[in-house]
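Colleague: I have a model open and would like to walk through it with you. Could you start with a term I will need, and then take me around?

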Amino acid sequence: MSVRRLAEVQPEGFSPNRETTAFAKAAVKKYPDGKQASAVIPLLWRVQEQNAGWVSEPAIRWTAEFLDMPYIRVYEIATFYTMFNLQPVGEFHVQLCGTTPCMLRGSEDLKTVCRKVIGDQMAVTADGKLSWVEVECLGACVNAPMVQINKDYYEDLTPDILERILSDLRDGKDVKPGPQNSRHRSEPLGGALTLVGHVTAKKAKPKAAPKAKTEPKAKAEPKAKAAAPRKAKAAPAKAAAVAKPKKPRGVKAPKQPDDLKLISGVGPKLERTLNELGIYKFAQIAKWSKAEIDWVDDYLSFKGRIERDDWIKQAGALEKGVEEYVRVFGKKPK
Ligand code: FES
């Protein structure tokens, strides 16, 4: 970690407001007598909140005095943890994770966006809205690459998405934190892959039971009962395999990709996303199975739009040429 120093320009003093004083008194009470120093991190955090997002030198002194700690001990803590900003930050302060998993998944490109939209690290934009800094792992590696903006995580980012988020925050628009690629928390894309069969098997049990009861002899019952669960287990496995969304197989970028924008409902941005998935040709889309349609639909958060817009039929016609498209749909592709 690089050396972190206090800002060169400091305010003359720090005076806690009513909320900070009440917070500090309550925090200290959580620890036994003589152990009040244990409250140093929550106190510095509260001080930072009051002080427009950064910890000043007078605020560090006040915290040390309140907790009866040597000033240097509080200084060490404030300068060690990157959660404490040592100079003024923007209204929306971006902490960008640059550690290995995020780096392998594209954090360098995210840094380029921050430099373009915000400027140098720890510089505040002229409107006071944005600032950024690179930090070490924020513990959300499974959703890499990611950033933390104020208290929220934004995960599974691409440069385009981060740029949009920064622009929306600047414009005062609502922005949804969490994964940005439609997946739920850290589940695989397309939904959970484990315990699915387990739930279905439970539902299947009552169906198997009546068979065993029809056996005439008491001795035969155990065999029938033993056989029933096997059947019940096999059925849901099949059902789950049919229903499970499946990522369509992508290909390397061909020399002559098709113009996927000819499909009604596909614009330049969506075409780029499909290309990122290895989808370049009408023929690929025309062959998608239901499971593959479901996967892509979920990935794009389309809620059924692929089937509503009939991408498969459109792609099938476009594969044969514009004339075929006109013949099938009675109009030219856009
Ligand atoms: S490496 Fe980025 S969150 Fe862990």
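Modeller: Let me begin with pairing, because two strands are said to pair if DSSP finds at least two bridges between them. Strand 1 and strand 2 meet that condition, since they pair in the parallel sense and six bridges join them. Please keep in mind as we go that this is a predicted model.

Colleague: Okay, which residue stands opposite Q95 in strand 2?

Modeller: That is V133, which faces Q95 across the pairing.

Colleague: And what does the chain have overall, in helices and strands?

Modeller: There are 15 helices and five strands in the chain, and of its 334 residues 39% count as buried. The accessible surface comes to about 20,200 Å², and carbon and sulfur atoms hold 54% of that surface.

Colleague: Back to the strands, then: in what order do they sit in the sheet?

Modeller: The five strands form an open sheet in the order 2-1-3-4-5, with mixed pairing. At the edges you will find strand 2 (130-135) and strand 5 (178-179), each of which pairs on one side only.

Colleague: Strand 2 is at an edge, so how many of its residues are buried?

Modeller: Five of the six residues of strand 2 are buried, and the strand is described as mostly covered.

Colleague: Where does strand 1 go on its other pairing, and in which sense, parallel or antiparallel?

Modeller: Strand 1 (residues 92-97) also pairs with strand 3 (residues 147-149), this time in the antiparallel sense and over three bridges. Within that pairing, V94 stands opposite I149 of strand 3.

Colleague: What does I149 partner with in strand 4?

Modeller: Its bridge partner in strand 4 is D152, and the two strands run antiparallel, joined by three bridges. Strand 3 and strand 4 form a hairpin with two residues between them, and N150 in the turn has a positive phi of about 50 degrees.

Colleague: And how does the sheet carry on from strand 4 to strand 5?

Modeller: There the sense is parallel, with two bridges between strand 4 and strand 5, and E155 has P179 of strand 5 as its bridge partner.

Colleague: Changing topic, which helices lie against this sheet?

Modeller: Helix 6 packs on the sheet and touches strand 1 and strand 2, with its direction at about 155 degrees to that of strand 1. Helix 7 lies across strand 1, strand 2, strand 3 and strand 4 (152-155), and runs at about 5 degrees to strand 3.

Colleague: How do helix 6 and helix 7 pack on each other?

Modeller: Two numbers help here, because two packed helices are described by the angle between their axes and the distance between the axes. For helix 6 (residues 107-117) and helix 7 (residues 159-170) the angle is about 35 degrees and the axes are 9 Å apart. Their crossing is right-handed. On the helix 6 side the contact is made by D109, L110, V113, C114, K116 and V117, and on the helix 7 side by P159, L162, E163, L166 and R170. These contact residues divide into seven nonpolar, no polar and four charged.

Colleague: Now the loops: where is the cis peptide bond?

Modeller: The cis peptide bond joins A144 and P145, with omega about -5 degrees, and P145 sits in the loop between strand 2 and strand 3.

Colleague: What about S182 and S301, what is noted about phi there?

Modeller: Although S182 is not a glycine, its phi is positive, at about 80 degrees, and S301, also not a glycine, has a positive phi of about 55 degrees. S182 is in the loop between strand 5 and helix 8 (196-213), whereas S301 is in the loop between helix 12 (290-299) and helix 13 (305-308).

Colleague: Why does S182 count as partly exposed?

Modeller: Its relative accessibility is 24%, and the term applies because partly exposed covers what lies between under 20%, which is buried, and over 50%, which is exposed. S301 is likewise partly exposed, with a relative accessible area of 46%.

Colleague: Last one: how far apart are K269 and D160?

Modeller: In sequence they are 109 residues apart, while in space their C-alpha atoms are 9.4 Å apart. K269 lies in helix 10 (residues 268-276), and with a relative accessible area of 46% K269 is partly exposed.

Technical notes
Residues are numbered from 1 along each chain as its sequence is written. This is a predicted model: local features need pLDDT of at least 70, side-chain atom pairs count only at pLDDT 80 or more; totals for chains, interfaces and linings use all residues. Side-chain values use heavy atoms; hydrogens and water are left out. Helices (H or I, at least four residues) and strands (E, at least two) are DSSP runs, numbered from the N terminus. Buried means under 20% relative accessible area, exposed over 50%, partly exposed in between (1.4 Å probe, protein chains only). Accessible areas come from the Shrake-Rupley method with a 1.4 Å probe; for residues, only the protein chains shown count as cover. Axes are lines fitted to C-alpha atoms, for helices over the stretch in contact, and angles run from 0 to 180 degrees between N-to-C directions. A crossing is left-handed if the near helix is turned anticlockwise from the far one by less than a right angle, and right-handed if clockwise. Contact means heavy atoms within 4.5 Å. Ala, Val, Leu, Ile, Met, Phe, Trp, Tyr, Cys and Pro count as nonpolar, Asp, Glu, Lys and Arg as charged, and the others, Gly among them, as polar.
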